[in-house]
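Visitor: I would like a short tour of this protein. Please take it one question at a time.

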Amino acid sequence: MSTSLRHRLRGPVVACLAASCALLLAACGSEQKETTTTSARIAPAQTTATGGPTATGSASASPSGSASPRLTDDQAERQRIVPATKVTWDKAAQTAVATVPQGKLVETELAWAPPNATASGSATASASPSASPDESASASPSEGAGARTPAWHTSVATADGTLHDVWVDGVSGKVISDRPDADQDAEDKQELADRLKRTTVTPEQAVQTATQDDKGTVTAVELDDDAWSVDVVDTSSWDKTTYEVSTTERRVLRQEVDRD
């Protein structure tokens with residue numbers, strides 16, 4: 001074969017080899033580009049599944065994410081004393097009235113017993129001997145210096161208007177103390193005696209009237225000039241509603257909600 005013929009044949013072969021290499025390079029570049037594009041699509045999806053909506057949804061569903069409404073000081077005090085009280089207002093009133101001959105209830109209010117007060121020889125910081133351990137624990141909430149016990153602070157009047165200050169243990173139902181009110185004068189006694197004579201609605205009837213639509217816990221009953229004042233605590237919100245019931249007819253005159 002002549003030299004010129006070899007040169008003529010080599011030219012097409014080289015051209016074919018060059019074209020083949022170009023095609024291979026193009027294919028590799030296309031494959032690499034496709035791989036890179038696919039990886040770019042997968043990466044965000046994997047990131048979202050690991051630390052995205054799933055993690056956020058879990059955090060929002062956590063119980064710690066929702067806070068309970070903050071109670072006021074008065075609401076918190078009601079939350080402590082009401083569940084700790086085992087004796088209802090009417091039972092305490094019956095006990096207090098029974099200690100005063102021909103006595104009539106003028107006022108009773110749920111409060112913490114005086115420090116170091118005793119009921120029938122046992123300290124009020126302890127629950128009734130017949131109470132279960134659980135009741136004893138709940139009836140003596142810790143209050144800084146030591147355990148405290150709920151009690152009904154009750155005023156009972158005789159026919160001539162003389163007041164007796166009676167404390168009844170809110171757990172055992174026993175009388176803590178009974179003494180005449182030293183702050184009364186003759187005018188005060190006469191005014192109270194006249195008010196009692198004018199009152200035809202009993203405290204029990206006043207409470208029934210006040211609670212006919214409100215089934216909360218009664219924490220105070222007091223005889224005012226023209227009405228029985230009845231405090232009722234809602235144990236779901238710890239708000240207190242005060243009802244004023246006429247002393248001569250079973251009718252609510254006024255009512256006021258205390259949300260503080």
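**A tour in questions**

Guide: Asp 183, Asp 185, Glu 187 and Asp 188 gather on the surface in a patch of negative charge. Patches are made of residues with over 30% relative accessible area and no salt bridge; like charges are joined within 9 Å, and nonpolar side chains (Val, Leu, Ile, Met, Phe, Trp, Tyr) within 5 Å. Lys and Arg count as positive, Asp and Glu as negative, while His and the chain ends are not counted. The place of a charge is NZ of Lys, CZ of Arg, CG of Asp or CD of Glu. This is a predicted model: local features need pLDDT of at least 70, side-chain atom pairs count only at pLDDT 80 or more, and totals for chains, interfaces and linings use all residues. Residues are numbered from 1 along each chain as its sequence is written, and side-chain values use heavy atoms, with hydrogens and water left out.

Visitor: How many helices and strands does the protein have?

Guide: Helices (H or I, at least four residues) and strands (E, at least two) are DSSP runs, numbered from the N terminus. By that rule the protein has seven helices and 12 strands.

Visitor: What share of the residues counts as buried?

Guide: Buried means under 20% relative accessible area, exposed means over 50%, and partly exposed lies in between (1.4 Å probe, protein chains only). The protein has 260 residues, and the buried share is 33%.

Visitor: How much area does the protein expose?

Guide: Accessible areas come from the Shrake-Rupley method with a 1.4 Å probe; for residues, only the protein chains shown count as cover. Carbon and sulfur atoms supply 53% of the exposed area, and the total is about 15,800 Å².

Visitor: Is Glu 187 of the patch buried or exposed?

Guide: Glu 187 sits in helix H6, residues 186-198. Its relative accessibility is 61%, so Glu 187 counts as exposed.

Visitor: How many salt bridges are there?

Guide: A salt bridge is a side-chain nitrogen of Lys or Arg within 4 Å of a carboxyl oxygen of Asp or Glu. By this rule the count is eight.

Visitor: Which residue forms a salt bridge with Arg 195 at 3.6 Å?

Guide: Arg 195 is buried, at 13% relative accessible area. Its partner is partly exposed, at 42%. The two are four residues apart in helix H6, so about one helical turn separates them. The partner, with closest N and O atoms 3.6 Å apart, is Glu 191.

Visitor: How far apart in sequence are the parts tied together by Arg 259 and Asp 239?

Guide: Arg 259 and Asp 239 form a salt bridge, with closest N and O atoms 3.7 Å apart. Arg 259 lies in the segment after S12 and Asp 239 in the loop between strand S10 (227-233) and S11, so the pair ties together parts separated in sequence by 20 residues.

Visitor: What is the N to O distance between Arg 254 and Glu 244?

Guide: Arg 254 is partly exposed, at 43% relative accessible area. Glu 244 is partly exposed too, at 21%. Their side chains meet in a salt bridge, N to O, at 2.4 Å.

Visitor: Where is Thr 247, and is it buried or exposed?

Guide: Thr 247 is in the loop between strand S11 (240-246) and strand S12 (252-258). Contact means heavy atoms within 4.5 Å. Leaving out residues up to four places away in sequence, Thr 247 touches residues including Arg 198, Leu 223 and Trp 228. With a relative accessible area of 7%, Thr 247 is buried.

Visitor: What is the C-alpha to C-alpha distance between Ser 155 and Asp 165?

Guide: Ser 155 is in strand S6, residues 150-157. Ser 155 is buried, at 15% relative accessible area. Ser 155 and Asp 165 are 10 residues apart in sequence, and their C-alpha distance is 5.0 Å.

Visitor: What is phi of Trp 238?

Guide: Trp 238 lies in the loop between S10 and S11. Trp 238 is buried, with 10% relative accessible area. Trp 238 is not a glycine, yet its phi is positive, about 65°.
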